[in-house]
Amino acid sequence: MKTLDQLPVGEEARVVRLHGQGAVKRRIMEMGLIRGTRVLVRKLAPLGDPMELTVRGYELSLRKADAALIEIE
Amino acid sequence: MTPITIALAGNPNSGKTTLFNLLTGANQYVGNWPGVTIEKKEGLLLGRQDILLQDLPGVYSLSPYTPEERITRDYLSLQPPDAIINVVDASNLERNLFLTTQLLELGLPVVVALNMADLVEKSGDQVDVAALSRGLGCPVLWLSALRRQGAQELAQAAIQAANQGSQAPPDCLEGPVLDAVSQVEALIQPLVPRRLLRYSAVKLLERDARAVPGTGLPEDLANQVSGVADRLEEAEQDDGESLITAARYDFIERLSRAALTRNNPGLKMSLSDRIDQVVTNRLLALPIFALVMFLMYYISVTTIGSLVTGFVNDTVFGDWVAAPLRQLLEGARVAPLVSGLVVDGVVGGVGAVLGFVPQMLVLFLLLGILEDVGYLARVAFIMDRVFRRFGLSGKSFIPMLIGSGCSVPGIMASRTIEQERDRRMTIITTSFIPCSAKMPIIALFAGAVYGNSGWVAAAAYLAGVLAVVLSGIILKKTRRFAGDPAPFVMELPAYHLPLPRNVLRAAWERGWSFIKRAGTVILLSSVVLYLLQALGVEGGRLVVVDSSEGSLLAALGRLVAPVFLPLGFGEWKATVATFTGLLAKENIVSTYGVLYGFAQVAEDGAQIWGRLAADFTGLSAASFILFNLLCVPCFASVGAIKREMNSSGWTAFALLYQTLLAYSASLLVYQLGLLIQGQAPGLYSLAALLVLAASLYLLLRPRPVGQARRAAV
């Protein structure tokens, strides 16, 4: 299973499904990351974490640990 | 006639506040929502006495996770306004419309304001307003709050919508989700007001029972509703929340395909992107960050700030107010106690505090600019990795940064942290960072005891940061704070030029809350303190005493002083100063001034350096500074802690922890310092060694087993 935290900087993928539950999952979905959404890894923070993503035309910051809940293809 | 109420709702950064300022002008009333400190802003529409505008907190959704979200949805469902203006950032249409799909289900008239019209035009994208309006089933209007275009038309449309009443909500949902919603609607119809039928049905399918107005459903009905949700989740292989969220975004995607023509679907670099490439660059980010912080302090504390503060203290309050007032009172032959009370007590006490206002305003102004530009969100992004190590999040940095100006707005800024655990930890630790009111204490001792060394201030900041870090590590291992750090899901808004109106207004609002405090708490405490040190009991009668040695204040101080004996400052003056510091930390300097018999001392207390140097050693001064920096902050901050914690138990825990930490730290420094200086060990050194052992255990022990397992799941 490939997850979003493994996607290298500058590459784009499609969300297959979200794992995890509760507030984290809900918040990720509300910000527009749901099944089928295209997501681009924009960059990593200077210390390697969190990641900056482009989703639906805006910039979203997500920790790698949370990105690991997002299955991609 | 009851006024028409129109609520402004929208995502953070959608330009809601700019629109609110534009529509109401200076006609604003800022208060708090009942029970919490989230700001409640109201104002009358310019030129209309009968239209009340309500600025709601910026939220991404009506889910129940942050206090802002809970307030927004409780307000909209329980005390509904007559209409909602939903401010939508047109340059970020899809995510902004998510909230819109939820607002439309509340059964209230909605008018959508497409803000940032100019930005969209410039990018070459095109939004078909008519198509959007058809799809959403409500009026949609262009707005450029920045250029002040479209606001009046928007207000008119909202008034019209309010007069017409609610519209039927469009069906954002479809397929099996819609079927399930309809089934739930049929079940709960007799119990729920018509207006809230769709909203309640959706919330029940999301298993969010708190959102349903009233006392809840009878058990058999609740079971039936739960059955509908079970069948839906079983059939679609996902939970209700996810299904509904996905259905909303499906609707939004269909809508935006019809209404939005992207001119450049490719990833062209905007100016904002190019700025961000430099500012959050792997190598440059941290140096740039350090430079920005340095400049901010250099400007607000060292140069402009201290110039203005000196002027206000010496010239305005000293020469212009205090001296003429004293002359006037003496000329009128007022009793010395009264004239002293007015000039030294009230003017001296309040003036010393108000002297900070310019410095604080400069700091708030600079912070406001950084916030408005979008840099503070990047700071959280850059610093998250560091803060997570000790159980906080990148967002904890902002409260601490603001807290370096004044803990009150700093503690209040912790609201943006979503998870309760991190928010509480931030509230407890924010006041460890020396606020600008603690600077005079540092300056006083640096001058009196340490030969004016600049290292004292540096050491104080270091001690504050260490206290935050160590507390994070210790507290996150306790059962009270069990669990994983908060999700760090944060928007990084596009950079834009700061809007002077917004920045000035925000700085003034933050500064004004401080001035109000000076006018109330500090005024009262100055009067009480002055009377306590001017009066004493002689021969069974209350008399005005010559020197404060025989005052009531000294008697009280002597009573408590033994508590501080192990810390090296167990004498009454230091005790009294510590207690007056609870009213406002900068009081410590003026208290020493009063106790040493000087009516008015400079901000750094230069007049009393000699007396102070005689009373303190280098070690006991360090212990005194440390205790006063870390212990319970001033009463105004305690008030802020109580409001933000919203729980007496947590407030008590915070204050107890702060006091314990301060006492332990001072004990360690003083007693271990004595040992190093070669003094024979005594009972107190043993106590210090025990505290050291206990602290090391709390710091180094592994995470409790149950917690580690939970974290691994």
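The following dialogue explains how to read the interface of chain A and chain B, and some related features, in a predicted model.

User: How is the size of an interface expressed?

Analyst: The size of an interface is often given as the accessible area lost when the parts come together. Here, chain A and chain B bury about 3600 Å² between them. Of this area, 55% lies on carbon and sulfur atoms. On the side of chain A, the residues that lose the most area to chain B are A:R26, A:R27 and A:R63, which together account for 22% of what that side buries.

User: How many residues of each chain are in contact?

Analyst: The contact involves 33 residues of chain A and 47 residues of chain B.

User: Which polar features should one look for across the interface of chain A and chain B?

Analyst: One may begin with polar contacts, for which the rule finds 19 residue pairs across this interface, with both residues at pLDDT 80 or more. Four elements of chain A, namely α1 (22–30), β2 (38–44), β3 (51–55) and β4 (58–62), each supply at least two residues of the side that touches chain B. The element that gives the most to that side is α1(A), with nine residues. By kind, the residues of the side of chain A that touches chain B comprise 16 nonpolar, four polar and 13 charged.

User: How should one read the salt bridges?

Analyst: Side chains of opposite charge can pair when their charged atoms come close. In this model, eleven salt bridges are counted between chain A and chain B, and the count over all chains comes to 29. One of them brings together the side chains of B:D384 and A:R63, at 2.7 Å from N to O. Another is formed by B:D238 and A:K25, at 3.5 Å from N to O.

User: Why does the salt bridge of B:D238 and A:K25 join two chains?

Analyst: The pair joins two chains because B:D238 lies in the loop between α9 (219–236) and α10 (240–259) of chain B, while A:K25 lies in helix α1 of chain A.

User: Are B:D238 and A:K25 buried or partly exposed?

Analyst: B:D238 has 27% relative accessibility and therefore counts as partly exposed. A:K25 has a relative accessible area of 9% and is buried.

User: Which salt bridge can serve as an example within chain B?

Analyst: B:R198 and B:E185 meet through their side chains at 2.9 Å, N to O. This pair links distant parts of the chain, with B:R198 in helix α8 (residues 197–205) and B:E185 in helix α7 (residues 175–188), 13 residues apart. Both B:R198 and B:E185 are buried. Salt bridges may also share partners: one network joins A:R26, A:R27, A:E30, B:E69, B:K203, B:E206 and B:E241.

User: How does one read the pairing of strands, and which strands pair with β2(A)?

Analyst: One reads which strands are joined, in what sense they run, and over how many bridges. Strand β1 (residues 12–18) of chain A pairs with β2(A) in the antiparallel sense over three bridges, and A:A13 has A:V39 as its bridge partner. β2(A) also runs antiparallel to β3(A), to which five bridges join it; there, A:L40 stands opposite A:T54. These two strands, β2(A) and β3(A), form a hairpin with six residues between them, and A:G48 in the turn has a positive phi of about 95°. β2(A) is mostly covered, as five of its seven residues are buried.

User: Which strand of chain B pairs with β4(A)?

Analyst: Strand β10 (residues 490–491) of chain B pairs with β4(A) in the antiparallel sense over two bridges. In β10(B), B:M490 is the bridge partner of A:S61.

Note on methods: Residues are numbered from 1 along each chain as its sequence is written. Chains are lettered from A and ligands numbered from 1 in the order in which they are written. This is a predicted model: local features need pLDDT of at least 70, side-chain atom pairs count only at pLDDT 80 or more; totals for chains, interfaces and linings use all residues. Side-chain values use heavy atoms; hydrogens and water are left out. Contact means heavy atoms within 4.5 Å. Buried area is the accessible area (1.4 Å probe) that two parts lose on being put together, summed over both. A salt bridge is a side-chain nitrogen of Lys or Arg within 4 Å of a carboxyl oxygen of Asp or Glu. A polar contact is a pair of N or O atoms within 3.5 Å; within protein, one must be able to donate a hydrogen and the other to accept it, and residues adjacent in sequence count only if both atoms are side-chain atoms. Ala, Val, Leu, Ile, Met, Phe, Trp, Tyr, Cys and Pro count as nonpolar, Asp, Glu, Lys and Arg as charged, and the others, Gly among them, as polar. Two strands pair if DSSP finds at least two bridges between them. Buried means under 20% relative accessible area, exposed over 50%, partly exposed in between (1.4 Å probe, protein chains only).
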